[in-house]
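Visitor: Please take me through the model shown below. I should like each question to be settled by reasoning from stated values.

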Amino acid sequence: MEFSVGIAKREQVGAFRQGVPAYVDVGNWELGRAMRHTVGWFDYDTLDDSLLAPGETSVGEGTQAPLSDAADLMRRLAVALQPPIAAIATPDGVLEWPAPLLPYQREGVLALLSRRALLLADSMGLGKTIQAIAALRILIHQGEIESALVVCPASLVTQWRRELARWAGELKVVPVAGSPSERGHLWRVPAHVKLVGYETLRADVMDLRDSPVLHKPWGAVILDEASRIKNRRSAVSVACKRVPRERRWALTGTPLENSIEDVASLLEFLLLEPDAPPAQPLELPELKAQLHANQLRRRKEDVLPDLPAKRIVDVVIELPPQQRE
């Protein structure tokens, strides 16, 4: 039996891949037709006899096999060609990254991929944004999710857009801003990732009778600077928890808030469904146990061996006349 492996060119089919096995010919069958929209990852459920040409039963020249055996063989091949999750984020993995992910960052990416709900609470400067983007990129390439919503302070929308362009440049990103009518249009524009500020989301969820934000579940909803929802009764907090979501990640460098209520509000976003009744108050030991079970936190001293050497860059800025004066 002869197998020929094709290499996918960089072309748009819902997401992008480059230099990855995209199809395998077994005799005259092409597994490329069994792929999901993402090049290179196969949909096991669609690997069936419909892939055969009309009347075809051959599994290679001179070899006959029942169609059920052929379908089973193709499923086995598809499984064998799947790159291991742990290998995707490595420097020599199947996805190209603009810079190597540090070991603790790869650990964070794998934690996000494996968890439906997670509070990523690394200290400031350890790359929570990059870890979230890398996990989103992998999930979209795998076909696990189609769309994601990133909610952040308005001042950070530009930063998220810049980091997404750098770490996942093939994904279509749409910031939602402007007048209510402009935002209504932008919510309906197809995109892999929508970016929105907390106050804008509050307005578009709480003030609209038929909010496009609530029309269907998002594959993932990410709250950056998640302490913004620590007051469970605030309109921002209520709006974030109303958004239908399959995966939910919260990013914050300050997971231990000032009161039990603050922590409880974060856990409600992570653990409760949008239409669920409010959670019953928990005693402090139970709350700590839930937080521990749903949180990944690393401090700089914990990952010091992984961090690159400190770099000092001097930037000379010309003073305008008024400042000079």
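**Contacts, pocket and surface**

Visitor: Is Arg 137 buried or exposed?

Guide: A residue counts as buried under 20% relative accessible area, as exposed over 50%, and as partly exposed in between (1.4 Å probe, protein chains only). The relative accessibility of Arg 137 is 7%. Because 7% falls under the limit, Arg 137 is classed as buried.

Visitor: What kind of model is this?

Guide: Residues are numbered from 1 along each chain as its sequence is written, and side-chain values use heavy atoms, with hydrogens and water left out. Local features need pLDDT of at least 70, side-chain atom pairs count only at pLDDT 80 or more, and totals for chains, interfaces and linings use all residues, since the model is predicted.

Visitor: Which residue meets the side chain of Arg 137 in a salt bridge?

Guide: A salt bridge requires a side-chain nitrogen of Lys or Arg within 4 Å of a carboxyl oxygen of Asp or Glu. The partner of Arg 137 satisfies this at 2.6 Å, N to O. It lies in the loop between α5 and β6 (173-175), 33 residues from Arg 137 in helix α4; helices (H or I, at least four residues) and strands (E, at least two) are DSSP runs, numbered from the N terminus. The partner is buried at 9% relative accessible area, and its name is Glu 170.

Visitor: How many residues apart in sequence are the parts tied together by Arg 298 and Glu 107?

Guide: The closest N and O atoms of this salt bridge are 3.7 Å apart. Arg 298 is buried at 6% relative accessible area, whereas Glu 107 is partly exposed at 45%. Because Arg 298 lies in the loop between β10 and α11 and Glu 107 in helix α3, the pair joins parts whose separation in residues is 191.

Visitor: Which residue is the salt-bridge partner of Arg 248?

Guide: Arg 248 is buried, with a relative accessibility of 0%. Its partner is partly exposed at 30%. Arg 248 belongs to strand β9 (residues 245-251), and the partner, 25 residues apart, belongs to the loop between α9 (260-271) and α10 (284-293). At 3.4 Å, N to O, the side chain that meets Arg 248 is that of Glu 273.

Visitor: How many salt bridges does a search of the whole structure find?

Guide: Some salt bridges share partners: Glu 199, Arg 202, Asp 207 and Arg 228 are joined into one network. Over the whole structure, the number of salt bridges found is 15.

Visitor: How far apart are the C-alpha atoms of Ala 135 and Val 109?

Guide: Ala 135 is found in helix α4 and is buried at 0% relative accessibility. Leu 139, also in helix α4, is buried at 2%, and its C-alpha lies 7.3 Å from that of Leu 113. Ala 135 and Val 109 are 26 residues apart in sequence, and their C-alpha separation is 5.3 Å.

Visitor: Which element gives the largest share of the lining of the largest pocket?

Guide: A pocket is an open set of points on a 1 Å grid over the protein atoms alone, with protein on both sides within 12 Å along at least five of seven lines, where a 1.4 Å probe fits; lining residues have an atom within 4 Å of a point. The largest pocket holds about 850 Å³, the space filled by probe spheres set on the points. Of its 30 lining residues, Gln 105, Gly 125, Leu 126, Gly 127 and Ile 130 are closest to the centre. Elements that give two or more residues are α3 (103-114), α4 (128-142) and α5 (157-167), and the largest share, four residues, comes from α5.

Visitor: How many residues of that lining are charged?

Guide: Asp, Glu, Lys and Arg count as charged; Ala, Val, Leu, Ile, Met, Phe, Trp, Tyr, Cys and Pro as nonpolar; and the others, Gly among them, as polar. The lining has twelve nonpolar and ten polar residues, and the number of charged ones is eight.

Visitor: What is the area of the nonpolar surface patch made by Val 313, Val 315 and Ile 317?

Guide: Patch residues have over 30% relative accessible area and no salt bridge; nonpolar side chains (Val, Leu, Ile, Met, Phe, Trp, Tyr) are joined within 5 Å, and like charges within 9 Å. Val 313 is exposed at 67% and sits in the loop between β10 (295-296) and α11 (321-324). Areas come from the Shrake-Rupley method with a 1.4 Å probe, only the protein chains shown counting as cover for residues. The patch of Val 313, Val 315 and Ile 317 covers about 360 Å².

Visitor: What is the phi of Glu 225?

Guide: Most residues other than glycine have a negative phi. Glu 225 lies in the loop between β8 (218-224) and α8 (235-242) and is partly exposed at 36%. Although Glu 225 is not a glycine, its phi is positive, at about 50°.
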